[in-house]
Amino acid sequence: MKELLANGTRQRLKAYNNLYLTDDRPAIKGLNLWAMPRQDYLQVVIKSSRGFDNFFIGHNTEDGYAKEARVANDQQPSAILTPVKNDDGSWSFKSRDNKWLSANSYYYEAERHYVNFESNNQRCERWRLEPYTPPTPPTIMDELLANGGKRQFKSFNWLYLADNYPDEYLYTLPPWSVTKKPEDWIIVQMNNNEVAIKSARRGYYIRHGLVGWGTYADVADAWEMLTPVKNAVDGTFSFKTRKGKWMSGHTFEEHRKYSVSFESENGWCEHWVLEQN
């Protein structure tokens, strides 16, 4: 049991066909983040260790396939498994319905198999345990500066940050309004924590205007400095000025035209999807 639990560290489960157990949908080769906490002395549960997909593997007795189990206990025992170490050093896992965790159910591609439960412990029901160290995730600066920092900024209402409107303020517009495609902007790192957003076409920087509107500046100074934040809820990015205001596309001007402003809270209208060609 000590070998199986590995002091609670993350392990990968590799199937007979060199595919890995995954909590991605659909399962693809090499994405494999699983941990196995102790349930009791003779039985275990297998639990995803990844963020919002935190669940246990359960035995769906109706169709035989593996399912997500949000809890694992005697009241909901579908996720409780008995581990067996095989003569070849692999491990097998038997449910309380005497079915074995298996990867033998063929998907549409050779590198994708459904996980199900079978009656016998044979080749397809044997799993190899491998130690797993998650890669170091990229920093927010790494993400923003990839591809030279060039991005298109899409607002909450699917309009794009534009630099082509003929006045002193900034707007979000449909991509087909003037240039027929979203405008490119360049995210420029100014120091360890702050960036500035520069027009790729005209070369000016986005500025936090004195009355809260988005305007232009020829150089990046204090009013152009922005602290980027990645929003965990949806993967978007938000940008906060040194005055604690958030770049926003929420102010309605007219149909398919919104003003860029800087607001007090980081809500949905302050979330930006960053796209790159």
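T172 counts as buried in this predicted model, its relative accessibility being 0%, and the residue is found in strand β13, which spans residues 171–173. Leaving out residues up to four places away in sequence, T172 touches S155, L159, Y160 and L161 on the one hand, and G249, R256, K257, Y258, V260 and W272 on the other.

A second buried position is I187, which has a relative accessible area of 2% and has its place in strand β14. Once neighbours within four places in sequence are set aside, the contacts of I187 include L144, L145, G148, G149, R151 and F153, together with V195, A196 and L274. The C-alpha atoms of I187 and A146 are separated by 9.5 Å, although these residues lie 41 residues apart along the chain.

| Residue | Strand | Relative accessible area |
|---|---|---|
| T172 | β13 | 0% |
| I187 | β14 | 2% |

The largest nonpolar core has 19 residues, and those with the most contacts inside it are F153, W185, I197, I206, F239, M247 and L274. At least two residues of this core are supplied by each of α2 (140–145), β14 (185–189), β15 (195–199), β19 (237–241) and β21 (257–263). Apart from this core lies another, of 14 residues, with L21, I57, L81 and L101 among them. In soluble globular proteins, nonpolar side chains tend to be buried together.

Within the largest core, I206 is one of the residues with the most contacts. Not counting residues up to four places away in sequence, I206 touches L161, L170, W185, I197 and T215, as well as W223, E224, M247 and F262.

How values were computed:
Residues numbered from 1 in each chain as written. Predicted model: local features only at pLDDT ≥ 70, side-chain atom pairs only at ≥ 80, totals over all residues. Heavy atoms only, no water. Core = buried A, V, L, I, M, F, W, Y, C linked by side-chain atoms within 4.5 Å. Buried < 20%, exposed > 50% of the residue type's maximum accessible area, 1.4 Å probe, protein only. Helix = DSSP H or I, 4+ residues; strand = E, 2+ residues; numbered from the N terminus. Contact = heavy atoms within 4.5 Å.
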